[in-house]
Amino acid sequence: MSPADGQRRDAFPPGFLWGAATAAYQIEGAPAEDGKGRSIWDTFSHRPGRTAHGDTGDIACDGYRRFADDIALAARLNAGAYRFSISWPRIQPEGRGSANPAGLAHYSRVVDTLLEHGITPLVTLYHWDLPQALQDKGGWAARDTAELFADYAGIVAGALGDRVRRWITINEPWVIANMGYRWGQHAPGIRDVHQATATSHHLLLAHGRGTAAIRAAVPAPPSGGAPTEVGITLNMTHVYPADPAKPADRELATDVDAQMNGVFLGPLIDGAYPARLGADYAPGPQIVRDGDFGIIRAPIDFLGVNYYAPQIVGVREDGIFRRGDTPLGRGHAVFVHPDGIPVTAMDWLVHPDGLYELLVRLRDDAPGLPLYITENGAACADYVNPDGTIEDTERIAYLQGHLRAAHRALTAGADLRGYFAWSLMDNFEWSHGYSKRFGLVFVDYGTQRRIPKRSAEWFADVARNNSIPVD
Ligand code: FCB
């Protein structure tokens with residue numbers, strides 16, 4: 001329904017950016033096309049037992065070849081912006097040295113096609129597909145990788161910066177450090193606390209060095225032209241104590257908040273790690289060098305926020321875990337799934353208030369910093385009906401709930417500038433392979449046919465009207 005139908009709607013500010021997001025390894029396929037080098041995800045997904053059903057990104061959505069059709073799909077969503085990532089090993093197959101012209105030419109065509117549709121590109125430089133050659137030298141646990149990232153960022157910004165205004169250096173350093181190097185569910189599959197803490201620091205350093213490299217490489221805008229904006233995307237959450245009346249639960253919530261949010265927000269905003277991070281999460285003096293925080297906290301133009309779910313944490317003092325508990329690996333501390341809060345197909349809690357809490361916290365902790373929600377969405381058990389439709393009503397409810405929370409935060413003074421749904425289309429969901437569908441558009445992997453879901457229509461209406469229905 002449009003506003004003309006008299007439906008009650010919450011309006012977003014003029015110029016609010018509506019978009020959808022993807023990432024290179026999750027959609028592109030074409031793992032060796034045009035001189036691409038191997039990435040850590042090419043290696044990892046081919047190792048037995050690492051992904052659901054042994055799925056790999058070898059074909060994925062065949063997005064490398066079908067990008068023009070997929071951008072046309074984004075245009076049908078009335079997207080004003082599209083967030084995509086660049087595969088580092090397409091640009092530098094070995095992670096260093098001169099650029100591969102065919103790789104740059106590909107992304108240049110992607111940018112031109114977006115602009116032809118009037119869609120603003122938001123480019124993520126690193127969404128997890130490190131060149132394998134750099135992993136062979138220690139990956140993100142090695143400080144050199146941060147310097148090499150800055151070279152790569154400068155190459156891409158130099159080639160695309162005349163047309164791309166908005167840049168994200170790194171996507172979700174928490175996931176890279178912890179899922180990749182601490183617990184090993186993601187590439188490169190390492191389980192080592194020291195490598196994990198080194199990785200989180202080196203990712204921040206890469207962000208700082210990369211930011212400077214982008215600013216140096218981008219050609220100056222023509223007078224009156226829009227300036228370049230650089231930011232980073234963090235996966236953030238709001239951490240609730242299971243029982244706010246219990247001091248142990250409140251203490252635990254504060255610690256988990258430091259480990260998930262503060263470990264990156266602290267250095268970026270305040271130039272220091274939070275005091276209560278603990279040895280397992282705080283990079284030690286052998287990793288942090290003089291001057292690093294000056295590089296890391298160099299001003300950014302926006303913060304990208306990926307929000308999916310809150311965390312609820314508590315201490316089971318009787319030592320007995322309940323249904324829905326996940327141990328934190330520290331005494332009797334657990335993540336709690338209380339009865340009555342719905343979950344998505346990822347088993348992630350659906351609780352839009354957590355997004356509100358997070359946005360108003362950022363309003364207070366990072367005053368003056370514009371925010372974009374660079375990912376938000378839900379995995380659902382989608383299927384195609386006999387008549388060809390996909391009625392993903394839970395996804396629509398999820399999006400609507402979170403957009404209402406975002407709207408409330410805007411009203412409360414959060415400087416939110418845009419919202420990107422994850423994802424434009426179903427894709428390779430990392431260790432879950434193709435078993436989890438997050439798209440607004442359904443992908444039939446056997447034929448590569450794309451079918452917009454009901455949520456795609458819903459989103460197109462929201463983006464067209466710059467407002468959400470509230471009933
Ligand atoms: C985020 C990732 C994104 C996607 C969503 C579901 O952590 O950035 O690539 O996998 O989760």
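This is a short talk through the sheets, helices and empty spaces of one structure.

Okay, thanks everyone. One thing up front: what you have in front of you is a predicted model.

Let's start with the barrel. There are eight strands in it, and they close up in the order β2-β3-β4-β5-β6-β8-β12-β13, with parallel pairing. If you ignore direction, neighbouring strands in that sheet are turned by 25 degrees against each other on average.

I'd like to walk along part of it, beginning with β2 and β3. Those two pair in the parallel sense over three bridges, and if you want a spot to click on, Gly19 has Ala81 in β3 as its bridge partner. On to the next pair: β3 is joined to β4, residues 120-126, by five bridges, again running parallel. There, Ser85 stands opposite Thr124 in β4.

So how many residues of β3 are buried? Five of the five, so β3 is largely enclosed by the rest of the structure. You can see that on both faces: Ala81, Arg83 and Ser85 are buried on one side, and Tyr82 and Phe84 are buried on the other. Yes, there is an arginine in that list, and Arg83 is buried too.

A bit further round, strand β5 (residues 166-171) and strand β6 (residues 229-235) run parallel and are joined by four bridges. Ile168 has Gly231 as its bridge partner in β6.

Now the helices on that sheet. Helix α14, residues 454-465, packs on it and touches β2 (17-21) and β13, with its direction at about 150 degrees to that of β2. Then there's helix α12, residues 353-365, which lies across β8 (302-306), β12 (371-375) and β13 (416-422). The angle between α12 and β12 is about 145 degrees.

Next, the other sheet I want to show. This one is open: four strands in the order β7-β9-β11-β10, with mixed pairing. At the edges you find β7 (239-241) and β10 (326-327), each of which pairs on one side only. Three bridges connect β7 with strand β9, residues 311-315, and those two run parallel. Your landmark there is Val239, which stands opposite Gln311 in β9. Keep Gln311 in mind for a minute. This sheet has a helix across it as well: α10, residues 247-270, lies over β7, β9 and β11 (333-335), at about 135 degrees to β9.

Right, empty space, which I suspect is what this group came for. The general idea is that rolling a probe the size of a water molecule over the atoms shows where empty space is left.

The largest pocket holds about 1400 Å³. Which elements give two or more residues to its lining? They are α8 (173-182), α10, β9 and β10. Of these, α8 gives the largest share, with four residues. In total 49 residues line the pocket, and here Gln311 comes back: along with Trp174, Met179, Met260 and Trp348, it lies nearest the centre. By class, the lining splits into 26 nonpolar, 16 polar and seven charged residues.

What about closed spaces? Searching the whole structure turns up four cavities of 30 Å³ or more. The largest cavity has a volume of about 140 Å³. It is lined by 16 residues, and those closest to its centre are Ile27, Phe67, Tyr82, Phe84 and Val110. Tyr82 and Phe84 should sound familiar, since they sit together on one of the two buried sides of β3. At least two lining residues each come from α1 (24-27), α3 (63-76), β3 (81-85) and α5 (101-116). The largest share, five residues, is from α3. By class that lining has ten nonpolar, four polar and two charged residues.

Last stop, a single residue: Pro469, in strand β16, residues 467-469. Is Pro469 buried or exposed? Its relative accessible area is 7%, so Pro469 counts as buried. As for who touches it, setting aside neighbours within four places in sequence, Pro469 is in contact with Gln7, Arg8, Arg9, Gln400, Trp458 and Val462. And for a sense of distance, Pro469 and Ala245 are 224 residues apart in sequence and 36 Å apart in space, C-alpha to C-alpha.

That's my tour, thanks for listening.

Methods
Residues are numbered from 1 along each chain as its sequence is written. This is a predicted model: local features need pLDDT of at least 70, side-chain atom pairs count only at pLDDT 80 or more; totals for chains, interfaces and linings use all residues. Side-chain values use heavy atoms; hydrogens and water are left out. Two strands pair if DSSP finds at least two bridges between them. Contact means heavy atoms within 4.5 Å. Axes are lines fitted to C-alpha atoms, for helices over the stretch in contact, and angles run from 0 to 180 degrees between N-to-C directions. Buried means under 20% relative accessible area, exposed over 50%, partly exposed in between (1.4 Å probe, protein chains only). On a 1 Å grid over the protein atoms alone, a cavity is a set of points where a 1.4 Å probe fits but cannot get out, and a pocket is an open set with protein on both sides within 12 Å along at least five of seven lines; lining residues have an atom within 4 Å of a point. Grid points are joined across faces, edges and corners, and a volume is the space filled by probe spheres set on the points. Ala, Val, Leu, Ile, Met, Phe, Trp, Tyr, Cys and Pro count as nonpolar, Asp, Glu, Lys and Arg as charged, and the others, Gly among them, as polar.
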